[in-house]
Every structure is written in C-alpha cells, then in structure tokens.
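This report concerns a single protein model. Charge, overall form and one helix are treated in turn.

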Amino acid sequence: MDVPLYNRDLSWLSFNYRVLQMAAGQQVPLYERIKFLSIFSSNLDEFFKVRMPAVLAINKVLEKDPAAGNDEALTSDTLREVLQEINRQQEEYGKIFTGSILPALAQKGVTLLYKTPPDAAFTAATREYFLTNILAYLQPVWLNGSQDDFFPENNALYHAVTLIPDNDPQALRYVLVNIPAALKRFITLPSGDGVFNIAFLDDAIRAHLSYLFPGYTIQGCHSFKLTRNAEMDMDEVKGDILEEVETLIRKRELGVPTRFLYDAEMPVQLLQFLAARFGVADNEKVPGGRYHNLRDLADLPMPAGWNDALYPRVTPADNPAAAGTDYLLNLIQQQDILIHLPYQQYNHILRFFNEAATDRDVQEIYVTLYRIASGSQIAQALISAARNGKQVTVFVELKARFDEANNIRWSKRMKEAGVKIIYSIPGMKVHAKTALVKRRRGYEWDYSGLIATGNFNESTARFYTDHVLFTSHAGITREMELLFLYLQSREQPDGYRFLKFEHLLVAQFNMISRFTALIDREIAHAREGRPARMIIKINNLQEKGMIAKLYEASLAGVQVELIVRSINCLVPGIPESANIRITRIVDRYLEHARVFVFHNNGGEETYIGSADWMNRNLHRRIEVCVQVYDTALQQQLKDILRLQLEDPQHAQQAIQSYVQNIM
C-alpha cells in the first residue's frame, strides 16, 4: 500500500519545540528552564550542521523535479516550511528568554545584562578583565586588507566591526573580531547592593573595541556566526580508516555554509558584503538577535545556595541483585540482571568491566564502543585488562558523529596497551552496545554478556534513560561470540549470510525479518479475534517498511502504542493509524531506551536493544536487540512503559519512585 509519511525534518523540529516548551514551563525550576534553552540552541545548531545540508540539496532537486521526493514526504515547499518553523520557534525562544526568564532572574536578585553594556559602575571591572584575560585571545581580521583567505570557523562567534579612519572620514573598513570560545561566555561583576550581576563576554569586548583600533571611529558592531555542513561522507572511506577519518574531521570545519546567523540590526550594506565574501546564499541568511550560541546558557553562573532553582538531587538506587553480591561475574552465571539508567547506579556496569580486567580466570574480553566518555573508566579498565595479560578485542566506531576525535584518541591509547582494536566497517556503522567476557573454568568456559540500549559512556549515563542486561544465557552469549568473530573480519554482511541468529536480532542479518514476523503474528491474532497489542519505544521512527507494517497492524485491529522521542514519520489521525497512539516524553532525562513488547495472545515477548526504526539503523548499521527471557525483568520493563503511557508528563518522577522500590 501507499505509505503516508510525515516529513522527518519537520518532525525533528517538533521535538525540539517540545524542548523549548520545557523552558517555558513554570513548573520546571528556573535554572533547569535555562538549561532547556541551552539544549534547544545546541539542537538547532546540530540541525543546521547535519540535517539542513540535505534539505538544501533536496530542494535544488525538487526545483527541477517536484515529484522526486514523494517517498520521503518531501515537496518543493519543504525548505520554506522548515525555515518558517525555525523562525517561529526562534521568535518564541526570544519571548521566553526576555519575557519570562530574565524577569524571573531579576526577581531572585540576578541581573543578566542583555543588550545592555555594563554601565559606569562596572567600567573598572570589565576594563581590567578585558586587558588581563580577553585581549590575548583577540585576533582581528581586516576584510578590506590582505587577509583574503580568511574563512570563519564553524559555529564560532564574531563581531563584524565597521570603522571609519580618522584621517579619511569617507572611507569604511570592515574588521572581524573573534569572541573567544576558550573563555567563559559570562562574566560575574562585583556588586555591593546584593544583586548578582552577569555580563556577556560579547559585551565586554564590544565596550572596549577602541583599545584594538586607535585612530579609528567605531561606527557599528554586529555579531554573527556561520554554520557549515558537518556531515562527512563515510561511504567513501576505503583505505586506512583511521587516517582518512582524521582527514575528514579536518575537512568538516571547511564545509559549505548552511546558515549565516546575524544580528537583525546589521546594516544591509554590511550583510551583503559578508554574504558575498563568505559565499552565503539568500536562503542561508537567518536574522537573529545580538547573541548567538546560546547553548552557552548551560554555563550561566548561579548564586550559591539556590537549591530551589535546580531539580532536586537524586541519588541513583542500587540494583538489589548486583549490590548484594561480592562478585558480579559469579552472580551473572546464576541469573539475569537488568539495570535501569539513570535511576540505578552505573557503578554496576563499571564493576562488570573492572572485575573482568582483574579476574585471573578471565581470558578474553570483547566490546563494541560507539561513543566513549572523554574520561572513560571503561576504556581504562580495558587497558588494564590487556596489561594484565588478557586478550582484549575492542571494536571502535570511528564514525560516531562528533565523537570521532575522542574515539580516535582512546583507540590509540588502548592499542598502545596491547588491546586489539578493530576499526569501522567501510560504508557501515556499528551501533550495537555489546560486551562479552569469557572465563575459564577448568576445561570449560563460562560466558557473561552485556547488551544495552545506550552507549558504554559514564557521562551520558547520568541523564540518558537506558536499560542494560547482564546475562549468561547460553544461546545469547554464543551468538554474541559469533557476532564478534564477524566484526573482526570487517567484511560486508552480504558475505556472512550463513550466520544464523536465533536469540539476537542483528541488523543486516535478521532484524527486519524478525520484527516483521513479530508484527505479523499480532496481525494474525487480531484477524482471528484474539487480543493483539504492541508497545514500541524508540528514539526515531522513519523507515518506510516498518511504518507500513504498523499501518497494516492498525488496520487489522492491533492496538499499537508508540513512544517516540524525536523523529516520527508515521502520520497520526488518518484511517491507517486509527489504532495507533503516539506519545512523546521530554523531561529531566533524555529518553534513549529502545523497548519492544508484543502481546502474543498473552504470551508476551519483550525485547531491548540499540536499534531505532530508521533507514540508517536497519540498513546501514550493525544493531543488536535481544529478548528478555526472565519474567521478573520483563515485568519491570512493562511497568516502566505503563507509567510512561499513563502519565507522560510525570513519568520520570514515577519511575524514580518505582525503581527505588524494586526488591
């Protein structure tokens, strides 16, 4: 059947708008609202770096052939609709910030000087800070001079300064002054009146430009930033992948412009000059306010003792099974364990790797790493394991967007310690979150497996919701070993079709066929008049084939509950989706888990794993999902999903209480 689809970019923007709504919510603590403004800005920057280039490119195609984009819900109006939605959201952002956040700060005795330079009372303080801290970082670029090869750094902040020479009043000079990213964006100013005063770094520079340009009159100063295409074509990587990815990282900073965000008060003459100089097209010009990169609001200084301005501090609960054992690897041999992050301690995951690194009987360790924490204790444990004489094999995905450099750095450190490093498969990403430990027991081996919905990353584990399964299930762990043998080959999946997975669902091998069969089984139950229901929780829903199966299930009478955080291309409110309910949760933590529950006429089956239902996940990545066999653990997952479906706005608070009481 023809598959109705909702445009994925507009869907993503609707998710980011939901983030913006959190900043407007009076029930959210004040500084948490400011953090949501920061997240919104950061998300929008990434949209222009990664998604907007495709929108612009497809728009050019559609101008020539309006029917070319039908399969992806794209029309010749898509670019206009995207830009209109972005402009609408940015206007609302400004209203929330100036009309709600700034007055709320002022009521609590905090003054953020916004579009207002520090007055005379702060002149001495800002002058001293400028001369001793800022001046060393400033690198003016004279655009009318010899620096014709200059091109703004990606997403860096600049003042475009218009100067008039004192000896030639008819002449104009344009100079760019960088706003240094190496310095804190906000300056706390001394005050004796009990008010906490904060100035933008931008304004401290603006107020003292005369130090840089003696002999000139400053006619104007207007900020801007240039965002460039940051998507890298990894399909072309065929040689030394480490060297080529490092080269591509450098090239990314020189990508073509996708957005020229400028102060809306910038004179037309200056705007046209800069656009021509930097090759900016008309549809890439985006008017904005005086301040850009407001993701820096996450670092806004806060007076001491403002506990009510933040979410209440929560100590993650111990997993009762893991916390009650002296040796985790032994317990895994006796029972499956399921960790719910960030509601439960991440220490249990760290302990798994630490025990494997030091257990005398552990001989082999296998891990897939997608986004490695900058100070990764897990990577350090793997280094220690190798130095302790264990055979450690780590698949490092060098193509994890925006984490490539950090992953390269850790892969080199691990390799120096004796870890066997397997790099990316050409043309494909390994997004699976898996680890396997083999331990010798006399003449036999025992296996301890770890399969997660999120990365092995201690930093993101503090605010990403995920599930982590420890298991020694013979079928699962043997198939994990086969998977790691395949990954070491770095070959394309087509050459390994003989790998037969029964317990694992592995993208490129059996994932699509297994999910399709599970949906078909629900459809069969519905057509026979039996209860039929599915709960699918994922980050993104975009793959056309899976959307078609969901429509088919809905038309057959299957009750479908979707929890989709971000992109959702399934169209609600049409006949094909009459039995589908879609829920989106945006709250204190980032919903990141992927969970799949199939009713099966009462014999429910529950799966967790790394895979979203997107083209890239199902067709261009190695993903792993697994059935949770333990009935008590299945019930925990279903209880958490129930809380999310019953009251999405308060679900995370309810889950926190629920997890605290798991025995």
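## Charge distribution

In this predicted model, the protein carries 71 positive and 77 negative charges, and the mean positions of the two sets lie 2 Å apart.

## Overall form

The protein contains 18 helices and 26 strands. Its radius of gyration is 27 Å, whereas the globule rule gives 26 Å for 663 residues; the two values are close, so the protein is as compact as a globular protein of that length. Along the principal axes, the C-alpha trace extends over about 90 × 60 × 55 Å.

## Burial, contacts and surface

Of the 663 residues in the protein, 57% are buried. Among contacts with a separation of 6 or more, 76% involve residues 24 or more positions apart. The exposed area of the protein is about 27,700 Å², of which carbon and sulfur atoms supply 48%.

## Helix α15

Helix α15 comprises 13 residues, 544–556. At 1.5 Å a residue, the expected span is 18 Å, and the end C-alpha atoms of α15 are 18 Å apart, so the model agrees with the expectation.

Which elements do the buried residues of α15 pack against? The buried positions in this helix are M546, I547, A548, K549, L550, Y551, A553, S554 and A556. The buried residues of α15 pack against two helices, α14 (511–527) and α16 (615–619), and against the strands β19 (533–538), β20 (559–564) and β21 (580–583).

Notes: Residues numbered from 1 in each chain as written. Predicted model: local features only at pLDDT ≥ 70, side-chain atom pairs only at ≥ 80, totals over all residues. Heavy atoms only, no water. Helix = DSSP H or I, 4+ residues; strand = E, 2+ residues; numbered from the N terminus. Rg over C-alpha atoms; globule rule 2.2 N^0.38 Å. Buried < 20%, exposed > 50% of the residue type's maximum accessible area, 1.4 Å probe, protein only. Contact = heavy atoms within 4.5 Å. Areas by Shrake-Rupley, 256 points an atom, 1.4 Å probe, with all protein chains shown as cover. Lys, Arg positive; Asp, Glu negative; His and termini not counted. Charge placed at Lys NZ, Arg CZ, Asp CG, Glu CD. Expected span 1.5 Å × (residues − 1).
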